[in-house]
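The exercises below are to be worked with the sequence and the 3D structure at hand. Try each task before reading its solution.

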Amino acid sequence: MGMSSWNPLRSRDGRQSKLPLYENLNTPSKERDSNDSYDDSDDDDYSVTSSSPGTSNSRVTSASISTATPIMPKRNFMVSGRPRQPLGYRLPNKVIRYLCFGLTSFIILMILTLIRASHNENKALAEGRIDRPPSAPPLWESYPFLTRYYGGIRNLVPFSKNIPEYPRLHGEPPVDKLSYVNNSNWKPDVEGRNLPASKEYVKYPQSVFQGAPEQFQECFLDKANKVRVPPIRYYDGRPNGFPEAILGSYELLGLPEDICFERYGRYGPYGFGYSVRSGGLGTGEHGEKEGFEATWEKVPQVDWKGMDWADVQRRCYRSNAARYKEQPPLHIAPHGFYVNEGAAAMKVQTRDALPDESPKSSAKNSEKEKKPVPASEGDSAAKKLARTAVVIRCWDEYVWKEEDVMNVRSLISELVLASGGRYDVHLLVQVKNDAAHPIWADAATYQKRIEETIPEEFRGLVTFWTETQMLSLYQGIFDLFARGPDLPVHGVYRGLQMAMQYFAYQHPEYDYFWQWEMDIRYIGHYYDLFTKIENWAKEQPRKGLWERNERFYLPSVHGTWEDFKQMARVQSEMGTTGADNIWDGVPGAEKQSHASGRGNKPIWGPERPKDPKDWLEPEDDPVPETTYEKDKYVWGVGEDAEYITFNPMFDPQGTTWGLADDITGYNTTDGNGMPPRRAQIITASRMSRRLLLKMHRETAFLKHHAFPEMWPGTVALQHGYKAVFVPHPLYVDREWPPEIFARTLNNGRNGATGGSRTSVFGQREHNLIGLTWFYNSGFAPNLYRRWLGLKVNNDGGEEFEMTMDESKNGTSVNEMRGGEGRMCLPPMLLHPVKDVDLPVEANPEDTLDIPESDPGA
């Protein structure tokens with residue numbers, strides 16, 4: 001058929017009738033040289049074919065005729081004599097194989113090259129050979145710095161008349177910061193301004209000394225009972241425009257907010273501001289000093305040379321031993337058979353006696369202390385007070401500076417002496433290299449290491465510990481190496497609580513233990529702070545307590561404490577929409593965040609792990625008095641808290657906190673999952689001995705352990721112990737919008753701080769750098785140094801305190817005019833404060849006596 005369409009003898013008469021072709025459909029085979037693909041093309045080009053009936057076609061073969069015999073001759077077309085070119089060309093198979101092999105080899109080579117380039121780039125980034133591109137700065141860096149923190153005592157106003165620079169309510173006009181210094185009483189001459197008089201804090205009407213005075217024997221520094229510690233002093237009011245605390249509440253805890261402390265009134269009693277010859281530290285003799293001598297107007301300066309704080313604490317306790325619970329006997333560690341053990345016990349008793357007491361008199365006094373007191377003569381045994389140990393963490397290579405010494409002096413004086421021996425202060429010191437200093441092998445080496453590393457006045461307070469000691473005590477713990485092989489579970493970073501657990505085991509004379517750190521400072525009186533915090537925690541009901549514990553409290557946003565309590569209850573029970581549950585209930589969602597819905601089940605009693613084998617002594621755990629619904633916020637009121645923290649106790653599950661899974665020893669297989677746990681940043685806290693011993697036994701017997709900031713809260717949660725987060729006042733360095741700050745901090749699951757990847761703890765901790773209390777705060781150390789009269793970032797210092805520069809506009813920190821005198825801060829906790837170098841006068845004992853030369857020699 002294809003051949004017939006190219007007949008050159010066909011008629012040229014285009015007007016002949018066009019008739020269809022009739023083909024034999026039963027043709028048994030096709031012509032060998034026929035090409036169907038070309039036929040289709042020809043038919044497309046010439047859709048209609050005809051032939052002249054009178055013309056014979058000599059090129060029509062018999063095969064063609066048998067295939068399709070036309071009724072009429074086909075129409076013939078003229079074709080070129082040039083041979084027809086094929087429409088396509090097929091490469092030989094051999095060539096195709098080579099091309100495929102080459103293409104495959106090229107793709108594999110490119111993939112390997114990209115993998116190697118990626119590996120080399122990651123290695124270079126890890127080694128620091130390639131600078132990472134700078135990331136976009138966080139939003140809070142665009143907020144301006146607050147300036148009125150740096151006002152001074154020559155610009156004080158009553159607290160009731162202070163117009164705080166921050167926080168400003170929505171819709172309030174911006175503040176003219178120069179108005180804080182351009183008041184009617186302002187005088188350009190700094191010396192001409194009136195300086196208000198400072199007052200003794202023990203006489204402050206709202207202090208613990210006036211509000212709830214205690215009767216006890218006064219404690220002295222010397223054995224003759226003549227040397228007293230001068231009281232710290234305060235000023236009424238605040239510097240004009242001083243900001244309000246953005247977090248926490250003074251009123252809630254009963255802390256004073258209408259007064260402030262400057263550096264001499266706070267640290268002058270402890271050697272700050274007078275020379276080494278007079279028994280001081282030789283610091284504080286720079287900057288603006290007017291009125292600083294009032295610190296010693298009633299009580300003279302103390303000569304601190306030769307002080308022994310261990311002896312001071314013993315004498316203070318023994319003067320007031322009748323107020324406290326009877327001390328348990330001292331248990332000597334097992335040491336095997338000793339033939340003269342009775343005499344050795346007598347020698348121990350002799351050693352503990354006061355130097356002016358004989359062993360017999362000491363024994364008589366101890367018998368008197370053990371003798372029960374008749375009800376008619378005093379308080380019953382049930383009213384005896386519990387005692388507390390304040391344990392300061394340190395290490396043997398720590399470089400002690402004058403500022404550290406005056407801080408520890410203030411801690412001991414204000415807690416031990418001011419309470420009549422209710423507190424004791426200890427130094428728990430880690431020996432970093434016990435291979436070079438084998439303190440456990442030789443008692444003389446133990447004492448020698450103390451003398452080499454600790455200031456003389458604190459040496460009697462030291463208890464050493466080492467990582468190898470903890471390894472021998474708590475064997476068998478499965479180490480997850482959550483921070484790599486250089487930070488094992490028994491080390492100081494991940495096993496910090498182990499030393500506290502064993503310390504509590506060794507000291508049954510204390511019911512509570514404050515874990516403190518060398519880089520914490522308090523602008524105020526320590527005894528007033530601790531007492532009010534402990535009393536407030538004692539009055540907190542257990543209902544909704546864990547839910548409140550995991551939230552920051554911002555009074556400017558949340559309102560009163562009662563409003564905050566109800567908000568926490570509603571959020572926990574009803575749930576809120578957040579990043580972790582926004583897709584709940586949507587068809588096609590990958591997973592449901594919580595099958596039970598958005599609300600949380602209230603925590604009421606112990607929250608134990610799923611596997612009963614992970615329970616330790618559950619029969620000793622407290623049991624709720626009634627159901628959660630029937631309780632009227634009664635259970636827990638009047639109960640001392642087993643655990644008190646200064647930061648929220650958040651749920652690390654689902655957060656980006658890097659140590660959320662650093663918990664070991666629990667059965668997490670067979671569908672048990674991770675055990676219930678809570679964490680709080682910064683280990684400074686108060687723990688009961690019951691809690692510490694439970695932690696000790698779980699670590700020793702069940703091999704349970706967690707990161708130090710997570711372990712106490714986890715044990716308290718699992719055993720149903722009362723734990724309380726105290727919303728103490730915190731300040732922020734920048735002008736955060738309060739609503740945005742509240743959403744940033746409480747951005748976890750259901751309005752809490754944890755339980756979600758959007759938690760502020762983890763990758764979003766940079767939002768907390770500007771607070772006065774956080775582990776990496778940048779504001780706290782700067783504020784403290786400025787308060788001490790030092791320069792920070794070329795701001796502050798003596799010139800700033802004494803000279804006013806009217807050319808500055810006061811809109812920023814470096815544009816403040818100055819001349820307001822010494823900074824004055826209200827009571828606040830600051831952390832961390834490290835390596836404070838104060839100008840120190842030369843110690844006269846270190847100067848060399850050079851004999852005069854003889855001119856005639």
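**Exercise 1. A small sheet**

Task: find how many bridges join strand β3 (residues 233–236) to β5, and establish in which sense the two strands run.

Solution. Two bridges join β3 to β5, and the strands run antiparallel. To place the register in this predicted model, start from Asp-236: its bridge partner in β5 is Ile-259. Next, put the pair into its sheet. The sheet is open, has three strands in the order β2-β3-β5, and its pairing is antiparallel. The edge strands are β2 and β5 (259–260), since each pairs on one side only.

**Exercise 2. A strand covered on both faces**

Task: for strand β13 (residues 685–688), decide which residues lie on each side and whether they are buried or exposed.

Solution. Step one is to split the strand by side: Ser-685 and Met-687 are on one side, Arg-686 and Ser-688 on the other. All four are buried, so both faces of β13 are covered.

Step two is to find the pairing partners. Strand β9 (residues 512–517) pairs with β13 in the antiparallel sense over four bridges, and Tyr-512 stands opposite Ser-688. Strand β11 (residues 643–645) also runs antiparallel to β13, joined to it by three bridges. Here Tyr-643 stands opposite Met-687.

Step three looks at the loop between β12 (663–664) and β13, where Ile-682 is found. Ile-682 has a positive phi of about 80 degrees although it is not a glycine. With 3% relative accessibility, under the 20% cut-off, Ile-682 counts as buried.

**Exercise 3. The length of a helix**

Task: work out what span helix α3 (residues 93–126) should have at 1.5 Å a residue, and check it against the model.

Solution. Helix α3 has 34 residues. The expected span is 1.5 Å times one less than the number of residues, which gives 50 Å. The end C-alpha atoms of α3 are 50 Å apart, so the two values agree. Just after α3, Gly-128 takes a positive phi of about 80 degrees.

**Exercise 4. Unusual backbone**

Task: which peptide bonds ending at Pro-167 and Pro-832 are cis or trans, and where do these prolines lie?

Solution. Begin with the general expectation: most residues other than glycine have a negative phi, and most peptide bonds are trans. The bond from Tyr-166 to Pro-167 is cis, with omega near -5 degrees. Pro-167 sits in the loop between β1 (156–157) and β2 (199–200). A cis bond also joins His-831 and Pro-832, with omega about 0 degrees. Pro-832 is found in the segment after β18.

For phi, take Glu-617, a residue other than glycine with a positive value near 50 degrees. Glu-617 lies in the loop between α17 and β11. Its relative accessible area is 21%, and because the buried class ends at 20%, Glu-617 is partly exposed.

**Exercise 5. The surroundings of Val-836**

Task: is Val-836 buried or exposed, and which residues beyond its sequence neighbours does it contact?

Solution. Val-836 is found in the segment after β18 (828–830). Its relative accessible area is 3%, so Val-836 is buried. Setting aside neighbours within four places in sequence, Val-836 contacts Lys-401, Glu-403, Tyr-784, Arg-785, Leu-788 and Leu-790. For the separation in sequence, take Glu-402: Val-836 and Glu-402 are 434 residues apart along the chain, yet 8.6 Å apart in space, C-alpha to C-alpha.

Then consider the chain as a whole. Among contacts between residues at least 6 apart in sequence, 79% join residues at least 24 apart. Of the 857 residues, 48% count as buried.

**Exercise 6. The second largest cavity**

Task: what is the volume of the second largest cavity, and which element gives the largest share of its lining?

Solution. The structure holds nine cavities of 30 Å³ or more. The second largest has a volume of about 80 Å³. Residues lining the second largest cavity include Lys-543, Glu-547, Arg-569, Pro-602 and Tyr-633. The elements giving two or more residues to this lining are α15 (545–549) and α17 (561–574). The largest share, five residues, comes from α17. Sorted by class, the lining of the second largest cavity has four nonpolar, two polar and six charged residues.

Terms used: Residues are numbered from 1 along each chain as its sequence is written. This is a predicted model: local features need pLDDT of at least 70, side-chain atom pairs count only at pLDDT 80 or more; totals for chains, interfaces and linings use all residues. Side-chain values use heavy atoms; hydrogens and water are left out. Buried means under 20% relative accessible area, exposed over 50%, partly exposed in between (1.4 Å probe, protein chains only). Contact means heavy atoms within 4.5 Å. Two strands pair if DSSP finds at least two bridges between them. On a 1 Å grid over the protein atoms alone, a cavity is a set of points where a 1.4 Å probe fits but cannot get out, and a pocket is an open set with protein on both sides within 12 Å along at least five of seven lines; lining residues have an atom within 4 Å of a point. Grid points are joined across faces, edges and corners, and a volume is the space filled by probe spheres set on the points. Ala, Val, Leu, Ile, Met, Phe, Trp, Tyr, Cys and Pro count as nonpolar, Asp, Glu, Lys and Arg as charged, and the others, Gly among them, as polar.
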